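User: Please take a close look at the nonpolar packing of this protein, and at its cysteines along the way. A connected account would be preferred.

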Amino acid sequence: MPAHQSRSRTRDRNNVLNRPEFMSLNQPLRTNTAELRSSIRRHAAQPGPSKHPQGQQPEFPPQEPNDNAKDRRESLKLPEEDCMQLNPSFKGIAMNSLLAIDICLSKRLGVCAHNTSSWGSVRSMITLLAITGHGIAWVFGTLLCLTRSNTLAGQEVLVNLLLALLLDIMTVAGIQKLVKRKGPWEMSPSFLDYVAMDVYSFPAAHASRAAMVAKFLLNHLVLAVPLRILLVLWAFLVGVSRIMLGRHHLTDVACGFALGFLHYNLVEMVWLSSNTCQTLISISTFSWSPFFK
């Protein structure tokens, strides 16, 4: 074999563009992926070694193991997947942007998330304010007031308030279990949060409860104007306190307020009459009376 032909074949074998993974670069632009795959399969199915003139490389690569062929097919799919990832929809871009802004602002407002935070010195006061909107405190407080009430109108209001509180706790716990969104500052829930099933971040249970209770008391209690203003301010501060403690995002609290108003409207639609409330009180008193004898 002449020396120049041997050098030519060696140079062609060492050429990177002749490797199987770069065969697509040697194909014409009009040749699509499907045609390339079919031609490779046809060439691989031909038995025996192929004859080629000296100094000329075969048009198609020799038969390769199945693993290499599978890797080559997967590599051919990558550009299409990359294009899909690099061209998201407008809805996806908007949602991701809003979520990023929500997380950023929530972390900035979590000034009492830790004792070493910028407002860490008032963390105990903010925690006490948040406890005033806890579900366990309101349920036991309503039950205590119900045992002390002697009027039919008062018992009717308290029974419906207790129904609204139970509805709020169960609904928020169910939504949180479905969404499973973590808070901005990855904190483990307290014992009271586990008892009230307030484990996750969305929606904010304290905000929902505060909005529902405030709306309920404003419509069913006769209060002076200063007390009404304080009641609205209390509901707002309870929601803000959960953001300051790093437990919830801004959207969690906003959705919590909206959910609280929805719970109030549902309770108003299924308002229990005085007779129904007396029947429920009688049943509960009869069921608990043997334990107090």
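Does Cys-104 count as buried, partly exposed or exposed, and what is its relative accessibility?

Analyst: The model is a predicted one. In it, Cys-104 is partly exposed, because its relative accessibility is 41%, in between the cut-offs of 20% and 50%. Cys-277, in contrast, is buried, at 0% relative accessibility. A search for disulfides across the whole structure returns zero.

The interior can be described through its nonpolar cores. The largest of these has 20 residues, and Leu-165, Met-212, Phe-216, Leu-231 and Trp-234 are those with the most contacts inside it. At least two residues of this core come from each of helix 8 (152–179), helix 10 (205–220), helix 11 (225–244) and helix 12. Helix 10 supplies the largest share, seven residues. Another core lies apart from this one and has six residues, including Cys-112, Ala-130, Met-244 and Leu-245.

Trp-234 merits its own description. Leaving aside residues up to four places away in sequence, Trp-234 touches Leu-129, Thr-132, Gly-133, Trp-138 and Ala-210.

Helix 12 also takes part in the surface. Leu-163, Leu-262, Leu-266, Met-269 and Val-270 make a nonpolar surface patch of about 470 Å². Helix 12, residues 250–269, provides three residues of the patch, the largest share. Met-269 has its place in helix 12, and Met-269 counts as exposed because its relative accessible area of 68% is over 50%. Helix 12 thus supplies at least two residues to the largest nonpolar core and three to the nonpolar patch.

How values were computed: Residues numbered from 1 in each chain as written. Predicted model: local features only at pLDDT ≥ 70, side-chain atom pairs only at ≥ 80, totals over all residues. Heavy atoms only, no water. Patch = residues over 30% accessible without salt bridge, like charges linked within 9 Å, V, L, I, M, F, W, Y side chains within 5 Å. Areas by Shrake-Rupley, 256 points an atom, 1.4 Å probe, with all protein chains shown as cover. Salt bridge = Lys/Arg side-chain N within 4 Å of Asp/Glu carboxyl O. Helix = DSSP H or I, 4+ residues; strand = E, 2+ residues; numbered from the N terminus. Buried < 20%, exposed > 50% of the residue type's maximum accessible area, 1.4 Å probe, protein only. Disulfide = S-S within 2.5 Å. Core = buried A, V, L, I, M, F, W, Y, C linked by side-chain atoms within 4.5 Å. Contact = heavy atoms within 4.5 Å.
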